[in-house]
Amino acid sequence: MFINQFLIFAAVLFCIGVYGVLTRKNGVLVLMSIELILNAVNINLVAFGALHQHVAGQVFALFVIAVAAAEVGVGLAIVLLIYRNRRSINVAEANLLKG
Amino acid sequence: MIHLLAQEASPGAMSDTGIWISNIFFYVIAAVAVVAALKLVTTANVVHAALYLLVVLSAVAATYVILGAEFAAATQVLVYLGAIMVLLLFGVMLTRARIGADSDLDHEQRWIGGLVAAGLGAVMVYSLWEGFGSDKLPADMQPQRTQMVSDEIFSTYIVPFEALSVLLLAALIGAVVVARRD
Amino acid sequence: MSQLPTLLAGAGVFAAEETAEAVVAQSWLYDNAWLVFTLPSASFLLILLFGKRLPFKGAEIGIAAVSTSFILALLTAFTWIGDVQDQIAHGGEGEEHSLVVTDAGLGGTAGEAAESVAVALTAEAEEGGHGGDVRGAPVINEVEWFGIGTDANRAVLGTDANQPNQAPADDGHGGSSFSIPIGTQVDGQSVMLLIVVTTVSLLVHIYSTDYVHGDRRFTHYFAFLSLFTASMLFMVLASSTLQLIVGWELVGVCSFVLIGHWWEEKPNSDAALKAFLTNRVGDIGLLVGITVLYFAADRSFSINTINEMATSGAIERSTLTIAAVCLMAAVMSKSGQFILHTWLPDAMAGPTPVSALIHAATMVVAGVYMIGRLYPVFYEGFGIAGGNINLMAFIGGLTTVGGGALAFVQRDIKKVLAYSTVSQLGYMVLALGVGAYTAGMFHLFTHAFFKACLFLGAGSVSHACHHSFDMKADMGGLRKYMPITFTTFIIGSLALAGIPPLAGFWSKDEILAGAGVWPGTGGNGTFTIPFIFGLITAAMTAAYMTRAIWLTFFGDYRGHAHPHESGPRITIPLIVLAGLAVVVGFLNMPSPFVSAIGLPSSWAHKFEDWVEPEGVASFVGGENGFTHASPSLSLAIVATLLAAGAGASVWLYYKRLYARDPKATEYTAETGSIMTQVGALAVGHKVLEEKYYLDHLYTDVIVGGTKGPVARAAYWTNQNILDRMVDLVGTSSVAVGRFVYKFIDQGAVDGAVNASGSLAEAFGQILRGVQTGQIRQYATLLFGAATVLVAVFIIAV
């Protein structure tokens, strides 16, 4: 098995995730796309762990999963807060940074 | 299936047939994952999107099995498919997303996102191709057992592990503080 | 002869290494000097974390830490003194001093004095010539903070701090490696300041437990008091200029926080900001100066290396001058020298113990200390040897007179003391500027005690008078109510005014002698103008302190509170400081005095023996030698009479005023305007015959002359010209701009300007479009830019 088949698979997932983050308006869908990106990274970590026959790759993937759990928790809390204040989770409407 | 693959991946050098089977499994899984991911970012239905995410996450877990990372695969199933998916579905429900098709989920200028994603993909695929063109996973690839993972976490990576637990606690408190009504 | 300085410095370095090794082996205290500042900084953290829950709200941690530091500092000082005494006993230094002692004329004729100086010079030259024991070589303990380059190279560098020329070695690959060591430098000067800082800090801690009792930010106050003490001690022990900068900025931050302790009131936070910002001006000078020295000294931050290279002539004179001028800017801001002194009186907005600790005894002398640390740089850079005037002496002289004059017209007792501090700091800078190194450091030492005593006394007074500092409205006659505060304040004032035998007398007298103008004093040059400034200030100091004392403690009480003596936690520090103000002067008695009163000659100028660092001592006897001035009895008598006379005049002025009206604080209608007083001065001889001869002399000529036009003019200058300088610059540039616009700019230039303006505007509008507030768009830009960058990287590599 080529290492590249895993890496390119991960890269494709990553780009799809980026596309989702960039195009989706719905806050929950943006969060889902971010999960795609994180999973792509995890595949890379595990694949390199397998390539070098070292367990560190897997350990880092586990850490990433834990961080992702935290991220989803906080992210959903923010989305809920936006929803409560604006009755909408359209991230396009959250533009207080407009110059 | 997991059992079968774990068997395939474990003892000694894998036979050619074993590699063949693994490869076929991988390509099928990858194809499913990519299609599901594409549907995830294009579907007009939020609940469907969540279900597609389920498919992608399962596929990633399967990929871990192929790579011999059994504990990561198990965690993926437990944490992602179990906890995070439920959280996301709760998010969908609590924000009263329309059940069914919704034409207003995407921005108008999707092509910009597509362009950036495609460009990024092109750059990454090119550099991966250049960088790891013919590198192969070792033929005698050993699965990384849960015991090895735990030994590593609780020796070398004990400090990051503890830091991570603090991070989770902080995220927990932060989420409560942000989301509670006052 | 031209080779001599280099030889001397070489011998000095050699000796320094030897003694340093020997001494390090002896003392655990030198190795662990870092404990002195680590303890208060630990206390800072502990107070912040746990202070509020403790029974005394954190004060006990601060006091414990500072008293431990105090004990360590005392032990270090005793060890140091012991070592120096050993060196004196074994080396030739003792003889050399006895030589100077016996030959120095006690107010003798000029011829005699010249001879004695010559003898001293040759004695010292011989001493240095045969490479004798260098007294008081610094003990440096350094560790590598960080280094760049290979280990092999770094092993050569930075490990031996006494090794000069820590030039970066070439690592053979075209690059160079360097190492930045940090550590502690224990020598006479730092030990002296350790004692000052820990003593005053400890007393201020004790005093504060009563003074800020019940304050809403009591814990916060003590935390920052600890941090300040730690930062100051860190700066004092710094072995490299980098550490000096760190400590310098840290004390600035603490000063900012503590001045603004009661930030709810706008003037207080304004004063804090003013202090902080004014100091930033000087900090630019500090940064530039230290950078210049870093490159000049072959990339070394080590104070010792810089000093050795400056002394030996390895750094060019012009480079040293540039560095010295830049560093002088830092001194001007930190040590309140004219024209950057304006923050110091405003800084009195902070709590009084803070003023005593930071803005009188310790932080404001950081500038003076820095001059002392890098004295060879200033000495060579300003060409002090054999000079008549230089930037440092001039600024010091200007400050000392200007500050003294301003102290006359203040109503606020703390502001009188603040301007007095400015004036005395000017005295120290003047001393260093005329080459009287030891005298300047000694004045720093004595001033710290009596000025802290005065500030704490002022705090005690205000504690009794409903926290008012207004001498005219709320004070008067307090000597009956608060005898201890009164007595200590009197002692502090006498010491400040330089009345023998209190501390200020000895140090001030040494500075005046050091100017080398008075016949028989020798010195490093003939600094006539600084000397005159110094004499004027000696008189003025006595006068304005007498005024402050009268307004505060004599006459009838004018306020509406019920004044009472403060509690023991306030009075005990006052008594201790007053006691120190009496005795510390005896540390540096001139040798003729010592022999005159029949004490053994080894009792003379102990301070000089203990404090003067090797860096300065090593160029004693060089071609442009650094010499100690000889004391002069006649000068001492003249200066004392001047001070006593000025004080007595003011005293009589108020006495007469009191006879007319017990509640009056100054003559008003009955003496007429200032202009008639000046007129009276012009026709002075007629006034002599008049009935109110004394009255006129005291009120019009001396007091009026100083207090009236000169002081008011100085104050006016201060308030109007300096404060409005910025405004003026702004206004005038607008005026110039209008002129140019009207006559030159209307044509082609105008078009270009307009075009560039609208171009900028248009670009702004375009870029504004990017700032949509859409996170999606920002993310798109982020990912797009990353893609482009990666692509560029791939193609390029």
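Let me begin with a term: a salt bridge here is a side-chain nitrogen of Lys or Arg within 4 Å of a carboxyl oxygen of Asp or Glu. With that rule applied to the interface of chain C and chain B, the number found is zero. I should say at once that what we are looking at is a predicted model, and I will take its two interfaces in turn before turning to chain A by itself.

Staying with chain C and chain B, the contact draws on eight residues from chain C and nine residues from chain B, and between them the two chains bury about 730 Å², with 81% of that area on carbon and sulfur atoms. Which three residues of chain C supply more of the area that chain C buries against chain B than any other three? They are Arg776(C), Thr787(C) and Ile794(C), which together account for 62% of it. Polar contacts are likewise missing from the count, with zero residue pairs when both partners are required to have pLDDT 80 or more. Sorted by class, the side of chain C that touches chain B consists of four nonpolar, three polar and one charged residues.

Now to chain B and chain A, where 85 residues of chain B are in contact with 70 residues of chain A. The area buried between these two chains is about 7000 Å², and carbon and sulfur atoms carry 76% of it. Here too the rule finds zero salt bridges across the interface, but for polar contacts the count between chain B and chain A is 16 residue pairs, both at pLDDT 80 or more.

As for where the side of chain B that touches chain A comes from, at least two residues are supplied by each of several helices of chain B, namely H2 (16–42), H3 (46–66), H4 (70–94), H5 (110–132), H6 (146–153) and H7 (158–179). Among the contributions to this side, the largest share is that of H2(B), with 14 residues. By class, this side of chain B has 56 nonpolar, 17 polar and twelve charged residues.

Finally, chain A itself, which has three helices and zero strands, so that, by the DSSP runs used here, its elements read α-α-α from the N terminus on. Of its 99 residues, 68% count as buried, and the area that chain A exposes is about 3100 Å², 71% of it supplied by carbon and sulfur atoms. Within chain A, if we take the contacts with a separation of 6 or more, 57% of them are between residues 24 or more positions apart.

Notes. Residues are numbered from 1 along each chain as its sequence is written. Chains are lettered from A and ligands numbered from 1 in the order in which they are written. Side-chain values use heavy atoms; hydrogens and water are left out. Contact means heavy atoms within 4.5 Å. Buried area is the accessible area (1.4 Å probe) that two parts lose on being put together, summed over both. A polar contact is a pair of N or O atoms within 3.5 Å; within protein, one must be able to donate a hydrogen and the other to accept it, and residues adjacent in sequence count only if both atoms are side-chain atoms. Ala, Val, Leu, Ile, Met, Phe, Trp, Tyr, Cys and Pro count as nonpolar, Asp, Glu, Lys and Arg as charged, and the others, Gly among them, as polar. Helices (H or I, at least four residues) and strands (E, at least two) are DSSP runs, numbered from the N terminus. Buried means under 20% relative accessible area, exposed over 50%, partly exposed in between (1.4 Å probe, protein chains only). Accessible areas come from the Shrake-Rupley method with a 1.4 Å probe; for residues, only the protein chains shown count as cover.
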